[in-house]
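I open this notebook to record what I looked up in the structure. The entries follow in the order of my reading.

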Amino acid sequence: MKKSQLYAGILAPVVALAGIGVGVFLNRSWWHLTENAISDLGRLGLRYNWVLNVSLVISALLAIYYAIGLLGEVKNLIEKAGIVIFIVGLGFLALIGIFPEGTSPHYYVSWGFFVFSSLGLLIAGIGIGLSGEKGLAVFTVALFITGWVLATWARNHFAGVAPAEFVGVFGIVAWHYTLIWKRFTKVLRPRG
C-alpha cells in the first residue's frame, strides 16, 4: 500500500465527521440528535447543505483510495471479498452526498451505505480470522453484532434515526481505525 493511501484512510473518517459536526453547528437552531437524521443536514434547499454533502463525497473518495490499497495487503479471498463489499458501501456513502435527502434515490443509497459497509467489514473480519488474526476477527464479529443490536434499539426508541446512524458510523470508524492500527502502525512509525 502506498503511504498516500494509508494517509487517505486515516483522514477519511475525520473529513466525514468534521462535515457532520460543522453541519450540526450551523443548523443547531432546529437539528436535534433524537429527532432528526444525519441526512437532514444535507437536504435539498438547506442553506449549508453542501457542508455535509461535499464532506461525505470527499470522505468516500479518500476511503475508496485507501481500500483499493488495502486489497493488495489482504491475505485471502474472503478478506478481498469483504474489502470489495466495503468499497461498494463507500460508493453508497459518496452517493448520499450526490443524492441528498429530498431526492428519490436518497433512502436507498443511505441504506446501501450502512448495509454494504457493515457486511463488508464483517466478511473481511472473518477472512482476517482465517488468516490467523483471531483477536481482530472476534473484535469484528462482536462489533458487528453489537452495532446492529444498538442501532435497532436506538431506531425503536427515538423519533429520529440519527442515534442509530451514529451507532453505525462509529462502529464502522472503530473497525476502520483498529484495522489500520493492527496492520499498519509499523509503516507509520518514524525511523530513528
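Entry one. I began with burial and noted that Arg183 and Glu133 are both buried. The model is a predicted one, and I read every value below as computed from it.

Entry two. I then looked up how this pair meets. Arg183 and Glu133 form a salt bridge, with their closest N and O atoms 2.9 Å apart. Because Arg183 lies in helix H6 and Glu133 in the loop between helix H4 (106–130) and helix H5 (134–157), the salt bridge ties together parts that are 50 residues apart in sequence.

Entry three. I searched for further salt bridges and found that the count comes to two. In the other entry on my list, the side chain of Glu79 meets that of Arg183 at 2.8 Å, N to O. This pair links distant parts of the chain, with Glu79 in helix H3 (residues 77–98) and Arg183 in helix H6, 104 residues apart. Glu79 is buried, as is Arg183. I recorded that Glu79, Glu133 and Arg183 are linked in a network of salt bridges.

Entry four. I listed the surroundings of Arg183, a residue of helix H6 (residues 162–188). Leaving out residues up to four places away in sequence, Arg183 touches Glu73, Val74, Glu79, Ile128 and Glu133.

Entry five. I turned to Ala60, which lies in helix H2 (residues 49–71). Ala60 is buried, because its relative accessible area is 0%, and the cut-off for buried is under 20%. Beyond its neighbours within four places in sequence, Ala60 is in contact with Leu90, Leu93 and Ala94. I also noted that the C-alpha atoms of Ala60 and Phe184 are separated by 20 Å.

How values were computed:
Residues numbered from 1 in each chain as written. Predicted model: local features only at pLDDT ≥ 70, side-chain atom pairs only at ≥ 80, totals over all residues. Heavy atoms only, no water. Helix = DSSP H or I, 4+ residues; strand = E, 2+ residues; numbered from the N terminus. Contact = heavy atoms within 4.5 Å. Buried < 20%, exposed > 50% of the residue type's maximum accessible area, 1.4 Å probe, protein only. Salt bridge = Lys/Arg side-chain N within 4 Å of Asp/Glu carboxyl O.
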